[in-house]
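This report is an introduction for a reader new to the structure. Please look over the sequence and the model first; the notes after them begin with the nonpolar core.

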Amino acid sequence: MSLQPAVRLVAAASLFLTGCAGMGAKPAPQFDLTQPAASQAATFISVVNPKNKGQIGRVAVTSCNLVVADMAGGVSQTDAGIFGETRGRQDKKISMYLYLRGISDEQLQAMTDEACAAAEASLKSSGFDVVPAAEVQANAHYQKLHEGAKSPHPFDPPGGEKYKIFMPKGQKMVDMHYLTTGGGLKLAMAAAAGNTPANHKGRLMDELKADDVHISLKINFGAVEGDQKGFLSSIAKKDTAQVKAKTDVVITGRIEVVTSKTLQCWNRFGKRECVGNGKHPQFKLKYPILIPDAVVEVKDETTKGDKVGSAISGGLSMLAAMSGSRGTAMSVTRKGVVVDPVKYANGVKRAAASMAEMVAASAKGS
């Protein structure tokens, strides 16, 4: 059976995708930190379960976290493709890693305390009836929710990024978006005992007669992107490898409001249980908020070991190719992305307050 039709199909699809990519995408809107945030809500905020946002009444901010990128990485590799000849071929694999520099964990913790407080204050100044923080924190269910408070919490998702998740002083990680990673059994046991964050928050809401607010921001300082994308790129011949790095401080985030009207309560083992039904409104940033001029320097941090390893890998790859086998030369580059700690922290705090203001405007809008 001839392979020519399959080759023609791959080539045609590649030309189609190349043509589409060349058409150019519309640039994303840029958030203006100098303008009122509420006026930008329609552009920057999307809502999950929007029909329920009208249910929001008195609110209590029970948890907040900042997911801070600590490392970003990317890889690109040449390849013969599924139809290519591999004997005597010498391939190249290049990796690049970026590391956050210029700001300490102590400064990030202080920034988190202030950013979460700024977001809560913005909700109040935007018209929400907010339960005072002292009243929330005095509640026994809040104390149980954050028992064993610890910050930061490591988060290493699959791929080329690593994060540290910071909570305000006195809080621990209770965000289910990050707790479910690697903790399925522990969470299942907690659910069986009625001790998950959702259980504690439900009891807290029931006693305070308030809606539960959770605030989460993700802060990235850079991204590394390889030039290999999509299924066709993974099977087609590729004789060049390139990675590109972009170094900007950008913020995405969400605010979830579990309303009392979505709360379901029952008695179990003589104890009252309350949990939201999952149909609560969630407000998300559609586009990142850029913090201008936060990155002040990008410096080479490639180690001697990296350079020696690349040289050895290249030599072995050449010998393999000369012997009729397939060789791969690997090279690693590391860069430190230095941020101005004041501009970084102030930008994050302003973004947190702006996001909360836009959420308030969106919650009140049609």
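## Nonpolar cores

In this predicted model, the largest nonpolar core has 65 residues, and the members that touch the most others are Leu66, Ile215, Ile289, Tyr344 and Met358. The element that gives the most to this core is helix H11, spanning residues 341-364, with 11 residues. As a general background, nonpolar side chains in soluble globular proteins tend to be buried together.

Ile289 can be followed further. Apart from neighbours within four places in sequence, Ile289 is in contact with Phe31, Leu33, Val249, Val250, Ile251, Ala351 and Met358. A second core, separate from the largest one, has 7 residues, among them Ala60, Leu204, Leu208 and Ala210.

## A buried loop residue

Gln171 sits in the loop that runs between strand E5 (161-166) and helix H6 (176-179). Is Gln171 buried or exposed? Gln171 counts as buried because its relative accessibility is 8%, and the cut-off for buried is under 20%.

With neighbours within four places in sequence left aside, the contacts of Gln171 are Thr62, Ser63, Cys64, Tyr142, His146, Ala149 and Lys150.

## The chain as a whole

The chain has 366 residues, of which 42% count as buried. Its secondary structure comprises 11 helices and 15 strands.

Among contacts in the chain with a separation of 6 or more, 81% are between residues 24 or more positions apart. The chain exposes about 19,000 Å², and 57% of this area is supplied by carbon and sulfur atoms.

Methods:
Residues numbered from 1 in each chain as written. Predicted model: local features only at pLDDT ≥ 70, side-chain atom pairs only at ≥ 80, totals over all residues. Heavy atoms only, no water. Core = buried A, V, L, I, M, F, W, Y, C linked by side-chain atoms within 4.5 Å. Buried < 20%, exposed > 50% of the residue type's maximum accessible area, 1.4 Å probe, protein only. Helix = DSSP H or I, 4+ residues; strand = E, 2+ residues; numbered from the N terminus. Contact = heavy atoms within 4.5 Å. Areas by Shrake-Rupley, 256 points an atom, 1.4 Å probe, with all protein chains shown as cover.
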